[in-house]
Each structure stands twice: as C-alpha cells, then as structure tokens.
Amino acid sequence: MSRLGIIAGGGALPAALAAADPDALCVAFSGAEIALPETRIQRHRMEHLGALFYALREAGVTRVVLAGAMSRPALDPAALDPVMAALAPRIMAAMQGGDDGLLRLVIAIFEEQGFAVTGAHDLLPDLTAAPGLLTGPEPTDTARADIARARAILDALSPVDVGQGCVVASGLCLGVETLQGTDALLGFVAATPAHLRGRGGVLVKRPKLGQDLRVDMPAIGPATVQAAARAGLDGIAIAAGGVMLLDRPALLAACEANGLFLLAEP
C-alpha cells in the first residue's frame, strides 16, 4: 500500500489525519505552528521544495494530503534551491491572485512531481455531512430566505475567487468572508450595531463554484459555533459533502447549547 504524506498546516485536521494513519509522514514548513509533536513532524523550508520532494520519495510517499491553515510565505530569493527557483515565477504569479488559483497550482506542482493529491474528506469520510438538519430547531422561513440570499452572494463572488462564507440577516448582507477568515467575519458581525442589522441571521459556508475540494475545503468547528452565537445568529448552513466538520461531537454540542441550528444543504 502506498504511503501517505501529510503536508500539515495549523488547526486540528492534520492531527486527526495523523491519528488515523500512524504510518503517514507528517511534513510542515519551518516556522509553522502545528498541533502535532515535533517528533512526528519533518520540517522543511518553503524555499527548499526540491529537498521536500526528495524526502517524500525517499520515505516511500506516493500520495499527499494538504491539511490545515497555511499562510502565504515571504520567500528568500537567495535561499531557493534549483527546483524552487524553477517554480518560483509560476508561484509568485499565482500569489498575486486568490487562494483558489494558488492552491490549484500547488496541486499541479505535486502532481507534476509524481504524487497523487487526495482530499482530507476522502481519508476521513465522517468529516462531511449528508443533507439534512444536523441539530437545533427547524430553520424559519426567514432563515431559509437568508440562506438563499447568502448562497446567491457567494455564487456571484466565486468568479473573482472571494468568499467561502457569508452572513445574512433579514435579507441584509452583514459580511463576506475574506482573507482574514470566518472568525474575523463573525467578529465584524458581532460588532455591528443592532439598529443596522436587526435580529438573528445565518452564517452560510460553502465552497466556491468549481473549487477543487482536495485542498482548502471550507471547515467549521466548535469555535465557529461560539463565534456565531456571540454574533447573535440563529444558525449555520453548510454545503452537504462540501464543508468539513472539525471535532463533530463538540461542534454539535455547542450548537445545542447555544440554540443554533446546523443545516446541511445539497
């Protein structure tokens, strides 16, 4: 059986993948904060992608999964190895655009090097949800209208590679997720004066149209639910099979404790 390489970023997902496959080789870039013991991680500089590819092959890795949050690095041109030097023009050009374009290039680079790229949800199928109400009260007609409005906003933004999350309350868009992430979006909504926003509202999390779900699949966790509650929302709607539920038992318990619905839509 081929060995798995986990290219680990921040958050709980790399640790969950590592626990599910103890033989997997866990790799992280220098300086990244990873929720795994350093004894389980092999560190590499971003400038030394050639050395990374060599190390993966030497360890028998044929499949890789990119898991967890990763920031855009500031590369040192003087430190590039020959492989990275050859790739740098393509990477720098992609870094001027949105995340989706950059991540598509990352997938292409690993595939060009002979590695199969798989999605975390393919390795841990319970990460995503089937359609239906997962927990909480049945969404009201107003909430369902807000979900439809948020979906329309996200669909409209997909062509410009912006947004996996949107908050709508009584038809009003209170915010769209940008580079700062879902927590920042919900913090912004929580700070919005009541006379501008009214009551309630929903957070909708969905992949962008045409997004490659092998990397950067949207995710929510217990902290997302707590932030949604602080923002005064009524619930969260996600794309069934298209959003990862991190620490699912705690996430569902947080929804129940705060009276929020969690709805998975086709």
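Let's start with helices H7 and H9, which are roughly parallel to each other, a label for angles under 35 degrees, with over 145 counted as roughly antiparallel, 65 to 115 as roughly perpendicular and the rest as oblique. H7 covers residues 182–190, and its axis packs 8 Å from that of H9 at an angle of about 15 degrees. The axes here are lines fitted to C-alpha atoms, for helices over the stretch in contact, and angles run from 0 to 180 degrees between N-to-C directions. This crossing is left-handed, meaning that the near helix is turned anticlockwise from the far one by less than a right angle; clockwise would be right-handed.

Who touches whom? On the H7 side the contact has Thr182, Asp183, Leu186 and Ala190, and on the H9 side Thr224, Ala227, Ala228 and Arg230. By type, the residues of this H7–H9 contact are four nonpolar, two polar and two charged. For the record, Ala, Val, Leu, Ile, Met, Phe, Trp, Tyr, Cys and Pro count as nonpolar, Asp, Glu, Lys and Arg as charged, and the others, Gly among them, as polar. Contact means heavy atoms within 4.5 Å.

A quick word on what you are looking at: this is a predicted model, where local features need pLDDT of at least 70 and side-chain atom pairs count only at pLDDT 80 or more, while totals for chains, interfaces and linings use all residues. Residues are numbered from 1 along each chain as its sequence is written, and side-chain values use heavy atoms, with hydrogens and water left out. Helices (H or I, at least four residues) and strands (E, at least two) are DSSP runs, numbered from the N terminus.

Now to the other partner of H9. The axes of H9 (residues 222–230) and H10 (residues 248–258) come within 8 Å and cross at roughly 15 degrees. That makes H9 roughly parallel to H10 as well. Left-handed or right-handed, the crossing of H9 and H10? This one is right-handed. Pro222, Val225, Gln226 and Ala229 of H9 meet Ala250, Leu251, Ala254, Cys255 and Asn258 of H10. The residues in this H9–H10 contact come out as seven nonpolar, two polar and no charged.

For a pair at another angle, look at H2 (residues 49–58) and H3 (residues 82–94): their axes come within 7 Å and cross at roughly 115 degrees. That makes H2 roughly perpendicular to H3. Leu49, Gly50 and Phe53 in H2 meet Val83, Met84, Leu87 and Ile91 in H3. Here the count for the H2–H3 contact is six nonpolar, one polar and no charged.

On to the sheets. One is an open sheet of six strands with mixed pairing, in the order E6-E13-E11-E9-E7-E8. Strands E6 (132–135) and E8 (172–176) stand at the edges with a single partner strand each, so one side of each has no neighbour in the sheet. From one strand to the next, the twist averages 25 degrees. H10, from a moment ago, packs on this sheet, touching E6 and E13, and its direction makes about 85 degrees with that of E6. Helix H6 (residues 141–157) lies across E7 (165–169), E8, E9, E11 and E13, at about 140 degrees to E7.

Let me zoom in on E11, residues 235–239. How many of its five residues are buried? Five of the five are, where buried means under 20% relative accessible area, exposed over 50%, and partly exposed in between (1.4 Å probe, protein chains only). Gly235, Ala237 and Ala239 are buried on one side, and Ile236 and Ile238 on the other. E11 runs parallel to E9 (residues 202–205), joined by four bridges, and also pairs in the parallel sense with E13 (residues 261–265) over five bridges. Two strands pair if DSSP finds at least two bridges between them. You can spot valine 204 bridging to alanine 237, and alanine 239 bridging to glutamate 265.

The other sheet is open too, with five strands in parallel pairing, ordered E3-E2-E1-E4-E5. E3 and E5 (116–117) are its edge strands, each pairing on one side only.

Last stop: serine 30, in the loop between E2 (25–29) and E3 (41–44). Serine 30 is partly exposed, at 46% relative accessible area. Beyond its neighbours within four places in sequence, serine 30 is in contact with Arg43, His44 and Arg45.
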